[in-house]
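Visitor: I'm new to this one, so please walk me through it at an easy pace.
Guide: Happy to. Have a look around before we start.

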Amino acid sequence: MKQLWLQLLNLFSMEQSMIEKQIAVKIWIEKKVGHGEDAPPLLISKGNSCAVGVFYGMGGAGAKICDISSVGAGHTQAYVSSRIVCSSVETFLQNHLPTDDVTTEDMKAVIKRKLHEEKEMFAPKVTSSLRSKLVKEYPTTMAVVTLQEYDKSCNVDCYWAGDSHCYLWTKDGFFQISRDDLENNNDPLENLHNDSPISNCICEDRDFTIHHNPIEIGIEPIIILCATDGCFGYYQTPMHFEYVLKSCLQKAKNEKDWEQMVRDEVLKVTGDDCSLSLIARGFSSFDDLKKEMKSTSSEIIE
C-alpha cells in the first residue's frame, strides 16, 4: 500500500510539473535608464492559467512631472501610470486566475480607483507645453493576454486599450489578436506610413474602454505574446517583426539565448522604450518549440 501511495504521489508530481512547465521570455529596454515610460513586462503563471502583458506610458500626453509619486520622485505621469496600471492588473489577475470571471468592467474599476488614489495623494507639477486637449492625466496603453487550459480546449482572452499589441502564435501562424485604437482606423500596415493618433487609452481624467477578444482553441502547443510599439513599430512591416522573433528562435540554444537575440535585434532599430512578454506552453522542451514553430517561419526579401 505504501509503495502504491508513493507511485501515485510521483505521478501527481509529474503531472503538476508538466502543467507548470513553460518557456517564458521578457524584454524590457529603457532608452534613458531609470526613466523608461514602458513598465517592466507582466508575466504570471498559476497552474493551468498564465498571463502576459505590457504597458506603454504615453510620454507626450503624460509629460507632467510628478515631484513625488508612489513609484519615485521626478518621473512623468506617463512613467507613473504605466507602472501603477501594470501593478493593478497583475494583482487583479493574481486574485482572479484561474477562473472564468475576469471582466473588463471589474478590471477597469480597479485601474480607475488606483489612478484616482495616486492623483489624490500626489499632485503633479505641470511642465508640459502641449495644448490642453492633447494632455491627459496618467495616460498609458495596455495589452494583456490570458490563457486558461481545460481538458479539451484552451481559452485565450485578449484585453487592450491603445496601440500596444496582443499576439497568438500557433502551428497555423502568427496572429495579431488586438486591434489598435486609432482615430483614422488604420490597419497595422497603413499605420506604418500614415501614423494616426490614438483614440483610446487608459487615463485618470477621461473615460476609456478596455476591449476584450475571447478566443477558444483546441489543446495544442501555443504562444501568447504582448509587445509595445517600441518593439514592432520601427520595422518596415509587421512581418519583419514576426521574422525577427522566428529567426532568432531558430538560432537560439535556449530561452535566455532567444531573449537576448531578440533584444539585440530590436535595439538595432528601435527609437523608443520597449517591453515584450511571451509565454510558450505545450512544448516538451526548447528544441521541441523550435521544431514545432520552424514550419511557420516567414521569408522576407530585403
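**Helices and buried residues**

Visitor: Which residues in α6 are buried?
Guide: A residue is called buried at under 20% relative accessible area, exposed at over 50% and partly exposed in between, with a 1.4 Å probe and protein chains only. Helices (H or I, at least four residues) and strands (E, at least two) are DSSP runs, numbered from the N terminus. In α6, the buried ones are H240, F241, E242, V244, L245, K246, S247, C248 and L249.

Visitor: What share of the chain's 302 residues do buried residues make up?
Guide: Keep in mind that this is a predicted model, where local features need pLDDT of at least 70, side-chain atom pairs count only at pLDDT 80 or more, and totals for chains, interfaces and linings use all residues. Numbering runs from 1 along each chain as its sequence is written, and side-chain values use heavy atoms, leaving out hydrogens and water. The chain has eight helices and twelve strands. Of its 302 residues, the buried share is 52%.

Visitor: How far does α6 reach from its first C-alpha to its last?
Guide: The expected span of a helix is 1.5 Å times one less than its number of residues. α6 has 14 residues, and the expected value is 20 Å. The model comes close to that, with a reach of 21 Å.

**The nonpolar cores**

Visitor: Which helix or strand gives the most to the largest nonpolar core?
Guide: A nonpolar core is a set of buried Ala, Val, Leu, Ile, Met, Phe, Trp, Tyr and Cys residues joined through side-chain atoms within 4.5 Å. The largest one has 30 residues, and W169, I223, F241, L245, W258, L276 and L289 touch the most other members. Among the elements that each supply at least two residues are β1 (23-29), β11 (222-227), β12 (274-281) and α8 (286-294). The top contributor, with five residues, is α6.

Visitor: How many residues are in the second, separate core?
Guide: This other core includes F55, V80, V85 and A161. Its number of residues is 28.

Visitor: Which residues does F241 touch, not counting those up to four places away in sequence?
Guide: Contact here means heavy atoms within 4.5 Å. By that rule, F241 touches Y167, A227, C231, F232, Y235 and L276.

**Rings**

Visitor: Why is the pair of W169 and W258 edge-to-face?
Guide: Rings of Phe, Tyr and Trp (its six-membered ring) pair if their centres lie within 6.5 Å; planes under 30 degrees apart count as stacked, over 60 as edge-to-face and the rest as tilted. By this rule there are seven aromatic pairs. The ring centres of W169 and W258 are 6.4 Å apart, so they pair, and the pair is edge-to-face because their planes meet at 65 degrees.

Visitor: How many residues apart are W169 and W258?
Guide: Both W169 and W258 are buried. W169 sits in strand β8 (residues 165-170) and W258 in helix α7 (residues 255-269). Their pair links distant parts of the chain, and the separation is 89 residues.

Visitor: Which residue lies over the face of Y79?
Guide: A charge sits over a ring if NZ of Lys or CZ of Arg is within 6 Å of the ring centre and within 35 degrees of the ring normal. K108 has its charged end over the ring of F208, 5.3 Å from the centre. Over Y79, at 3.5 Å from the ring centre, lies R83.

**A serine, two tyrosines**

Visitor: What lies 2.7 Å from a polar atom of the side chain of S81?
Guide: S81 is in helix α2 (residues 77-96) and is buried, at 0% relative accessible area. A polar contact is a pair of N or O atoms within 3.5 Å; within protein, one must be able to donate a hydrogen and the other to accept it, and residues adjacent in sequence count only if both atoms are side-chain atoms. The partner at 2.7 Å is the backbone oxygen of Y138.

Visitor: What is phi of Y138 near?
Guide: Y138 is in the loop between α3 (104-121) and β6 (142-149), and its relative accessible area is 0%. Its phi is positive in a residue other than glycine, near 55 degrees.

Visitor: Which side chain does a polar contact of 2.8 Å join to that of Y167?
Guide: Y167 lies in strand β8 and counts as buried at 5% relative accessibility. The polar contact of 2.8 Å joins its side chain to that of H165.
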